[in-house]
Structures are given as C-alpha cells and as structure tokens.
Amino acid sequence: MSRLIVVSNRVNPPNPAEGGEGSVGGLAMALAAALREYSGIWFGWSGKTIPEFTGQLNMQRIEGVTVATVDLEETDYQEYYNGYANKTLWPLFHYRVDLTAYDRSFGEGYDRVNRRFAETLAPLIEPDDIVWVHDYHLIPVARELRRMGITNRIGFFLHIPWPAHQLVVTLPRHRQLVEALFDYDLIGFQTEESLQAFEGYVFSEVQGAKNARGELVAFGRRTCAAAFPIGVDAQDFAEIVKSDNARKTYDRMMAHSVFRKMIVGVDRLDYSKGLEERLIGYERFLHDHPDMRREVMLLQVAPISRDEVEAYQDLRGRLDGLIGRINGAYAEMDFTPIRYVNRSYRRDELAGVYRAAKAALVTPLRDGMNLVAKEYVAAQNPDDPGVLILSRFAGAARQMKEALIINPNSPEEISDALERSLSMSQDERKQRWEALFDNVRREDVTAWRDNFVAALRGRPGPDDEGQQEEPSPVRSLDVASKALRAQGPEAKAMRA
Ligand SMILES: O=P(O)(O)OC[C@H]1O[C@H](O[C@H]2O[C@H](CO)[C@@H](O)[C@H](O)[C@H]2O)[C@H](O)[C@@H](O)[C@@H]1O
Ligand SMILES: O=c1ccn([C@@H]2O[C@H](COP(=O)(O)OP(=O)(O)O)[C@@H](O)[C@H]2O)c(=O)[nH]1
C-alpha cells in the first residue's frame, strides 16, 4: 500500500505539555484526525524561526504518524506567512480587498518558501507515495516538485473560499498562481460555489475548457477539480463529550449560568469570523428584548491569531471597545452580558462548553467551512439539544440547512434568530438537531479524506497515455464526481 504524504504549513503534533493537544485551527484539527488511520508522513513548518535556513528535518513519530518539520528563517516567516499568506491571499480570498496588501517582497518570499518546502520534502518521497498539499500557503509546491522531476500523484485542497473571478484578477500575479494549480492531479474545494468560481476564472480569464472526461484543460495541461466538504471526527467528539474533563467543564459552565441560557461563540480572533457583527446583533437582541436580558449570557472564546498582522491587532482593539460598550450599557451588579476570553481551550473543554450552551452563534462573513459549527452539533445532548445559528456565508451552511441560517450583516436577523432559538420548543430543537447530526456523522473527516484520496488515486498516473491533450469545449460529468460515486468500498480498503 502506498503511503500518504500530507503537506501543510501548520502541523499539529499533539503536545504532551498541553495535555495532548496541538495548535488551534480547523486545518490542523482535521489533518490530525485524517492521518490517524493512515501510515504516512505529515510534513510542514515547525512553527519556529532560525537565523538562516538549513533545510534540516526534525522527525518525530507521534501516534503512528511520522511528523517531519522544518524551521524557517525570520524573513521567510515575515514575507511568506505574515506577508503573502496572511496579508495578501487570506484577505483577498475572504473578499476583503480593502485589507489586501500587494507587496512584491511578499510574493518573492512566498515563492522562496514554497521552493524550500519542495526541496526539503522531495528526498522523502518514494515512487508509490501520493502527496496531498493543503491550503493557500503552499499552492506552488507541486510546481516546484515537478521541476525536480517528481512524477507522483499530487493533490491539493483549499481550506478557504475560492473567490469570484473579479476578485482574483486584482492579484498582480493571479495567472501564475492559477497556473501553479495545474501542476496538481486533483484540486479540491470546500464547496460547489468555490469550484464554480475557480472554473469561471479558468474559462473566462485563460480560455480554458473542460474535456470530454470532465477534466479542466488550460496552460497546455489538464487537471481535475471537485468539491470535497471537510468534516469533523464526529465519533471521536461524541466520545470526548463523555470524558471526565468535558463533564467537569460542563458542570462548571452550568453552575456559572444558573437561571441563564448560555449562548456560545468559538473562533480564532479573525476579521473573517464576523465577531463585530455578532456582538452588534447580540446588542440589538438585548436592546429589543428587555424581558430576556437577565435570562441570557454570551460566552465568546476568541484565541489570538496572527497577532503580528496589523488588521488582527486593529480588530482586537475594536472588539475590546465594543465589548466594553455593551457590557457597560447592559451589565448589572450581578450580571455581565458578555464573557470574553482570548485564550484557547482544549477539545475536551470545548466539548463541555458546547454542550452547556443553549445556542451557538457562528456568524462568519466568509469561511471556507467552519468546523466549530459541526463540533457544536456533535457535542449536543440528543434529548435536549441546543440550536445552531449559522451564517449563510460559512461553507458549512451548504450542508447544515436545518440550522437557523442568517445573514451576519443584519443585526436584526441575528437578534431574531437568538429570540427564536431561546424560545424554540424541544420538539423542534430535536428535529433540527437530528437532521444536522445525521449530516455531521455521515460527512465526517474520514469521508472527506477517503473521498479525496480515492479520487486522487483514480487520476491517471505518470505512465498513463494522453497527459497533454488539446482542450475541447465539452462540459461533461466531473471525473472526480464519478470517482466519488464509485469509491465506497474502495475507499475503505485504502485505509492503511
Ligand atoms: O494556521 P493559522 O494561521 O494559525 O490559522 C489556522 C487555520 O485557519 C484556516 O482554517 C481553515 O480550515 C478549516 C478546516 O478546513 C476551515 O473549516 C476554515 O473555514 C478555514 O478557515 C486556514 O485555512 C488554515 O490553513 C489555518 O491553519
Ligand atoms: O480555544 C479553541 C478554539 C478553537 N479550537 C479549534 O479550532 C478549530 C477552528 O476551526 P474552524 O474550521 O472553525 O476555523 P479556523 O480557525 O480553521 O478558521 C476547531 O476545531 C476548534 O475546536 C480549539 O481547539 N480551541
């Protein structure tokens, strides 16, 4: 059986010093779960910087997975991670052109680090391995590996939205970026919407087409693109919620919210998460429902993220002000409307918090998926579940239609949804939750991984005929979709 080599900027080895938990963020959580059943290698940045890049690999064996990390130079970190990844691509792909910085040095740092990643990774790749690269930090990795003669199957998954064509073209080097994606055998997106936006760019900007096999053809190459919505390890989460730590947290939260219904929000402190809009919606609720004020409290967990980037520092300052204003206006001597914490919590603690909350506010302005929405559902008590309030702009909204779907730009919609969720009958809550949980359980992280890997294995290998074919304008069924439909038992057999 060939090995799976996973490549991502953020690598999440469980840290014994943190009680077995790794870093916060959906990608790391999902990959840790996805790799558990595969014998493979997880390659990426160590999270550390050194004065000069050495390419020295730090290898560790953690719970059956070989983790290989590399340190980056401080300039790499500034230009590639803080720069091109988080000041250019992240805001642009989340529709924040106003926050997007186009600095040539960022692009150079991005290319350099991608080359360094590829050069360090290449010696680890064996002929039968399949390589799966993750997220916007690492789009050019396949191009660099191909330049070094690596012919293995290489797939790419984008965890964040692919934006509309009009936004992509604002990027000075948009063509090179998209061309680099054509060095992958398979490109995965979170949603059909992102897939269509990507195809829209290929058809109208670079005159690409789909061939009779449903492959995208452009730049004299062909690839396959499809949507693979990521999920959570629902089974694992349902177990975690029964653990001692989760129960203790649940009891603590219940004791702290006696006579009150707790509403919860859990997000990295990021402008894409719609935290300001959420708080303004909650303020509107407090204003419009004086009778319910003393019945509720909002717990917002917001671990600091990317704090060297100005837009994140500014957001933090604005949130401090906004929360101070709302608490100042509505607090009583024995009641604080918003409890706000900037530290991160372990999964088992979060599971207890989710279960104690009567409603969850997940209100991103744009989000690739949003795993918190799925974790909240997975953690509920089936006999007395809470209500999920979910932004229509989260990728998760495509699958979670039984949530209360809102537009986060409307304080009234948030306020109305809060009122509705807190007065919803148990029958309605159960009905909605059952449908949501069914989806969270079926379309979990294992299905996501197996579907992607099966589709990637189904792609023609280097020795197959017809790699460079002429585009034909026929738009037919997606090859990846066919692979997905065919993959049930095959995918199971692929687990190591
Ligand atoms: O690595 P960081 O800079 O600390 O940021 C954390 C991660 O944020 C983003 O997560 C995305 O992936 C999730 C799982 O697919 C998805 O649910 C969420 O909507 C995305 O925002 C980012 O894409 C990751 O690369 C980061 O590691
Ligand atoms: O204090 C915290 C806050 C968040 N998370 C985890 O971070 C992930 C956030 O993923 P999501 O897809 O919602 O958003 P992202 O941060 O990846 O954009 C989820 O698995 C959360 O459980 C965590 O472990 N501790």
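1. In helix α15, the buried residues are Arg-432, Trp-433, Leu-436, Asn-439 and Val-440. These five cover an arc of only 125° around the axis, which puts them on the same side of α15. The model is a predicted one, and the remarks below should be read on that footing.

2. The opposite face of α15, turned away from the buried side, carries exposed residues: Gln-426, Asp-427, Asp-438 and Arg-442. The cover over the buried residues of α15 includes α8 (234-240), α13 (371-378) and β15 (387-391). As for length, α15 (residues 426-442) has 17 residues, and the distance from its first C-alpha to its last is 24 Å, close to the 24 Å expected at 1.5 Å a residue.

3. Helix α7 (residues 192-205) can be checked in the same manner. Its 14 residues should span 20 Å at 1.5 Å a residue, and the end C-alpha atoms are 19 Å apart, which agrees. Buried in α7 are Ser-194, Leu-195, Phe-198, Tyr-201 and Val-202. They lie on the same side of α7, because the arc they cover around the axis is only 125°.

4. What do the buried residues of α7 pack against? Their partners are the helices α5 (165-168) and α6 (174-181), together with the strands β7 (186-189), β9 (216-218) and β10 (221-227). After α7 comes Gln-207, with a positive phi near 50°.

5. The domain assignment splits the protein chain into domain 1 (4-231 + 446-494) and domain 2 (234-442). The C-alpha centres of domain 1 and domain 2 are 30 Å apart. Contact between the two involves 24 residues of domain 1 and 22 residues of domain 2. On the side of domain 1 that touches domain 2, α1 and α2 (74-93) each supply at least two residues. The largest share of that side, four residues, comes from α1. By residue class, the side of domain 1 that touches domain 2 divides into eleven nonpolar, ten polar and three charged residues.

6. Where does ligand 1 lie with respect to domain 1 and domain 2? Both domain 1 and domain 2 give residues to the shell around ligand 1, so ligand 1 lies between them. The shell has 17 residues, the closest being Gly-25, Gly-26, His-159, Gly-368 and Met-369. Helix α1 (residues 26-35) provides the largest share of the shell around ligand 1, namely four residues. Seven residues of this shell are nonpolar, six polar and four charged.

7. Ligand 2 also has a shell to which domain 1 and domain 2 both give residues, so ligand 2 lies between them. There are 18 residues around ligand 2, and Gly-26, Met-29, Ser-344, Leu-371 and Val-372 come nearest. Gly-26 is also listed among the closest residues to ligand 1. At least two residues of the shell around ligand 2 come from each of α1, α12 (347-356) and α13. The shell around ligand 2 divides into eleven nonpolar, four polar and three charged residues. Helix α13 is also part of what covers the buried residues of α15.

8. Two loop residues deserve a look at their backbone angles. Most residues other than glycine have a negative phi. Phe-219, in the loop between β9 and β10, has a positive phi near 55°. Is Phe-219 buried, exposed or partly exposed? Phe-219 counts as partly exposed, because 17 C-beta neighbours lie inside 10 Å. The strands on either side of this loop, β9 and β10, are among the elements against which the buried residues of α7 pack.

9. Arg-306 also has a positive phi, near 45°. Its place is in the loop between β12 (296-301) and α11 (310-330). Arg-306 has 17 C-beta neighbours inside 10 Å and therefore counts as partly exposed.

10. Pro-123 sits in the loop between α3 (104-121) and β5 (130-134). Pro-123 is exposed, because 10 other C-beta atoms lie within 10 Å, where 12 or fewer make a residue exposed. The C-alpha atoms of Pro-123 and Ile-150 are separated by 10.0 Å, with the two residues 27 apart along the chain.

How values were computed:
Residues are numbered from 1 along each chain as its sequence is written. Chains are lettered from A and ligands numbered from 1 in the order in which they are written. This is a predicted model: local features need pLDDT of at least 70, side-chain atom pairs count only at pLDDT 80 or more; totals for chains, interfaces and linings use all residues. A residue is near a molecule or strand if its C-beta atom, placed from the backbone, lies within 6 Å of it. Ala, Val, Leu, Ile, Met, Phe, Trp, Tyr, Cys and Pro count as nonpolar, Asp, Glu, Lys and Arg as charged, and the others, Gly among them, as polar. Domain bounds come from an automatic or database domain assignment. The expected span of a helix is 1.5 Å times one less than its number of residues. A residue is buried if 20 or more other C-beta atoms lie within 10 Å of its own, exposed if 12 or fewer, and partly exposed in between; C-beta atoms are placed from the backbone. The arc is that of the directions from the helix axis to the C-beta atoms. Two residues are in contact if their C-beta atoms, placed from the backbone, lie within 7 Å.
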